[in-house]
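The following exercises are to be worked through with the sequence and the model at hand. Each task is followed by a stepwise solution.

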Amino acid sequence: MARALWAGPWAGLRAVSHKAATSIKPRVSSLRSAPGRHSPVWRGLASEAGGLRGWTTMPGVNTDNLDDKQVQLLAEMCILVDEGDRETGADSKKNCHLNSNINNGLLHRAFSVFLFNSEEKLLLQQRSDAKITFPGCFTNTCCSHPLHCPRELEENSALGVKRAAQRRLQAELGIPMDQVTPEEMTYLTRIHYKAQSDGVWGEHEIDYILFLQKDVELQPDPNEVKSHRYVSKEELREVLAEALRGEVQITPWFSLIADTFLFDWWDNLQDLKKFMDHTHIHRM
């Protein structure tokens, strides 16, 4: 199976350097948990997010075996929404991704970026083994969450979500922010999906789909991205076939989008306006 992962379209994948990769120790038992609610880090996040409204009860979850940097990110405040994508409050990334809360209906706002180069090839990434949800899985260019702060709560033209995408493209892939401005992103539509990563962690999101075509500079953070590659439509179809055979793993949201809308959008990359739908949320 390991050989199959790097065969075919993945033969040209660019992995992180060995030196950088050795600094990542996924699931290491000695790493500390996220900052407490009364720590300076947490107080700063709470202030930026406008307080802790929407806080849910956090069941006891041991994070000692998780990556230190990824655990610290669990303190970020996500935007809670109802099924109509109306903002209802804020809660920690940790709470938003616990299956125990997801099963009780906790839902947050997210985004998925699909970045194409001038050759109309799509940039894929393989998530780092340090990631808490879906580690090591292949997925679209960037997937993350806007934060519950004024800059990323702005809903006009999905500006807040686009600003969050700009921030995360830099954080994950090292793309300079001036190369991926909100004005260059096309907001197509939203999907609503739910998926478990394991017995503890999962996703339940209303996911904004953002398209962008541009040649950019890349310097991925190995704590976020294990490998990356631009792929053609034919190469992506090979990857999807490999996933069906169990030879590689892909994230559930990417699988859903690829199985439904992606190739139609890709075929019309220069004429995306006809696919823009900001009224409906696709339940998947």
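A salt bridge requires a side-chain nitrogen of Lys or Arg within 4 Å of a carboxyl oxygen of Asp or Glu. The model is a predicted one.

**Exercise 1.** Determine the setting of Asp277 and state which side chain of opposite charge is nearest to it.

*Solution.*
Step 1. Asp277 lies in the loop that runs between helix 11 (262-267) and strand 11 (281-283).
Step 2. Although Asp277 is buried, it forms no salt bridge. The nearest oppositely charged side chain is that of Arg190, 6.6 Å away, whereas the cut-off is 4 Å.
Step 3. The side chain of Asp277 does make a polar contact of 3.1 Å with that of His280.
Step 4. Beyond its neighbours within four places in sequence, Asp277 contacts Leu188, Thr189, Arg190 and His282.

**Exercise 2.** Establish which residues of helix 9 are buried and why they lie on the same side.

*Solution.*
Step 1. Helix 9 comprises twelve residues, 233-244, and spans 17 Å from first to last C-alpha, close to the expected 16 Å.
Step 2. Its buried residues are Glu235, Leu236, Val239, Leu240 and Glu242. Because these residues cover an arc of only 160 degrees around the axis, they fall on the same side of helix 9.
Step 3. Glu234 and Leu244, on the other side of helix 9, are exposed.
Step 4. Gly246, just after helix 9, adopts a positive phi of about 80 degrees.

**Exercise 3.** Describe the protein chain as a whole by its secondary structure and burial.

*Solution.*
Step 1. The chain contains eleven helices and eleven strands.
Step 2. Of its 284 residues, 53% are buried.

Notes
Residues numbered from 1 in each chain as written. Predicted model: local features only at pLDDT ≥ 70, side-chain atom pairs only at ≥ 80, totals over all residues. Heavy atoms only, no water. Helix = DSSP H or I, 4+ residues; strand = E, 2+ residues; numbered from the N terminus. Buried < 20%, exposed > 50% of the residue type's maximum accessible area, 1.4 Å probe, protein only. Lys, Arg positive; Asp, Glu negative; His and termini not counted. Polar contact = N/O pair within 3.5 Å; in protein donor to acceptor, adjacent residues only side chain to side chain. Contact = heavy atoms within 4.5 Å. Expected span 1.5 Å × (residues − 1). Arc of directions from axis to C-beta.
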